[in-house]
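Here are my notes on the salt bridges and the helix they surround. Have the model open while you read, and go point by point.

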Amino acid sequence: MPLPLLWLGSAAMGALLLADEREQRRQLERDRLLGKAPRQASAKQAMVAAPSQWQKGFKQVTPEPGSIVCCYVFGVIEHTGIWLADDCLIELHGSGLIRAVSVKRFLAGRTGSQIYIACNHQHQPLIATDIVNRAKQAIYQYREYDLFDNNCHRFVWSCLCGEEIAIKSFNDLNQKLAGYFKQGIYWDEMRGVPERTTI
């Protein structure tokens, strides 16, 4: 009998934590609406609003060419790419091929059904001047893919600033983005993601 009680207690605790996290996000979104949200990243936290599969219903953003996007892979690891135009993103695939794909293809084989855009505190996508040109020039090239040293985050960073450095994780990419744009990173849901289908 104690085991089911333990499960119930854990479920209740999880629900409380989720509700608290959602309320914190609601407050952050209210602050953004009122212009009171933090613009700068803190020393400890470059990501002011992380992408979340559990916190839906907040303001959605339309991507612009050069927007940095991400989605979930198996609920843990974020996959990043660059928005090019209507229903077209550029990504470094796990095979090492840099390719232009549709939204459905970007999400295919991944657990997330939503794409998120790196934005500032005013829901505006963060875009660098040459990111689109660098991304376009990289299409159909191959890289020696490595999950930690030559991954999608490194590809996005190289398109952003032309620098080739190992970026081991999504958090590391956010630290770099916050430094580059000199502000905190807010991951907002993309508007208009089509229903998921198998490809």
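1. Start with R143: with a relative accessible area of 17%, this arginine is buried, since the cut-off for buried is under 20%. Keep in mind that this is a predicted model. The side chain of R143 has a partner, E164, and the two meet in a salt bridge at 2.7 Å, N to O. That pair links distant parts of the chain: R143 is in the loop between helix 3 (131–138) and helix 4, E164 is in the loop between helix 4 (152–161) and helix 5 (170–181), and 21 residues separate them.

2. Is E164 buried or partly exposed? Partly exposed, because its relative accessible area comes out at 41%, and the partly exposed class lies between the 20% and 50% limits.

3. E164 has another salt bridge, to the side chain of R154 at 2.9 Å, N to O. R154 sits in helix 4 and E164 in the loop between helix 4 and helix 5, so this pair ties together parts that are ten residues apart in sequence. R154 counts as buried, at 17% relative accessibility. Put the pairs together and you get a network of salt bridges linking R143, R154 and E164.

4. How many salt bridges does the structure hold? Four. One of them joins the side chains of K168 and D149, at 2.9 Å, N to O. Here K168 lies in the loop between helix 4 and helix 5, and D149 in the loop between helix 3 and helix 4, so the pair ties together parts 19 residues apart in sequence. K168 is partly exposed, at a relative accessible area of 46%, and D149 is partly exposed too, at 36%.

5. Now for helix 4 itself. Nine of its ten residues are buried, so the helix is largely enclosed by the rest of the structure. Among the buried ones are F155, V156, W157 and L160, along with H153 and R154. What does the covering? The list includes strand 3 (68–73), strand 4 (77–85), strand 5 (88–92) and strand 6 (98–101), plus helix 3 and helix 5.

6. Last, have a look at the two ends of helix 4. At the N-terminal end, N151 acts as the cap, with a side-chain oxygen 3.2 Å from the backbone nitrogen of H153. Just after the helix, G162 takes a positive phi of about 80°.

Definitions and conventions:
Residues numbered from 1 in each chain as written. Predicted model: local features only at pLDDT ≥ 70, side-chain atom pairs only at ≥ 80, totals over all residues. Heavy atoms only, no water. Helix = DSSP H or I, 4+ residues; strand = E, 2+ residues; numbered from the N terminus. Buried < 20%, exposed > 50% of the residue type's maximum accessible area, 1.4 Å probe, protein only. Contact = heavy atoms within 4.5 Å. Polar contact = N/O pair within 3.5 Å; in protein donor to acceptor, adjacent residues only side chain to side chain.
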